[in-house]
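Grab your viewer and work through a few short exercises on charge pairs and burial. Try each task before reading the solution under it.

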Amino acid sequence: MDFIFTLDDCATNEVCPSWPGGPLIAHWNVEDPSLRYQEIDRRKAFHDVFLFIKHRIDLLAALPMDKLAHLALQHHMQQIGQSTPAR
């Protein structure tokens, strides 16, 4: 694996396990819609989470990976984790 992303807010205070090969690791906090929303709003909430994650993956995929140093790429991954999609 080249990249590991944690999505659960609980993971921010946990020690990430060691992964073989030294992948880049970033925390992209995404709220779990199953915990906060009523059944009627849950489908929209899951769709919103999908769009949120897709936005971040699109930003990551747009990076010129072959031209970025390992540490620069780690920095960009962390920055993407702070981004929110335009509404």
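**Exercises on helix α2**

Lys54 has 38% relative accessibility, so Lys54 counts as partly exposed. Keep in mind that this is a predicted model.

**Exercise 1.** Find the salt-bridge partner of Lys54 and say where the two residues sit.

*Solution.* Start with the distance: the closest N and O atoms of Lys54 and Asp58 are 2.7 Å apart. The cut-off is 4 Å, so the pair passes as a salt bridge. Next, the location: both residues lie in helix α2, four residues apart, or about one turn of the helix. Last, the surface: Asp58 is partly exposed, at 39% relative accessible area.

**Exercise 2.** Work out which residue pairs with Asp48, and classify both by exposure.

*Solution.* Look at the side chains first: Asp48 meets Lys44 in a salt bridge, with 2.8 Å from N to O. Then check the spacing: these two are four residues apart in helix α2 (residues 39-61), which puts about one helical turn between them. Now the exposure: Asp48 comes out at 23% relative accessibility, so it's partly exposed. Lys44, at 52%, counts as exposed. As for the tally, the count comes to two salt bridges by this rule.

**Exercise 3.** Is Ala45 buried or exposed?

*Solution.* Place the residue first: Ala45 is in helix α2. Its relative accessibility is 6%, and buried means under 20%, so Ala45 is buried. One more distance to check in your viewer: the C-alpha atoms of Ala45 and Ser34 are 8.3 Å apart, with the two residues eleven apart along the chain.

Definitions and conventions:
Residues are numbered from 1 along each chain as its sequence is written. This is a predicted model: local features need pLDDT of at least 70, side-chain atom pairs count only at pLDDT 80 or more; totals for chains, interfaces and linings use all residues. Side-chain values use heavy atoms; hydrogens and water are left out. Buried means under 20% relative accessible area, exposed over 50%, partly exposed in between (1.4 Å probe, protein chains only).
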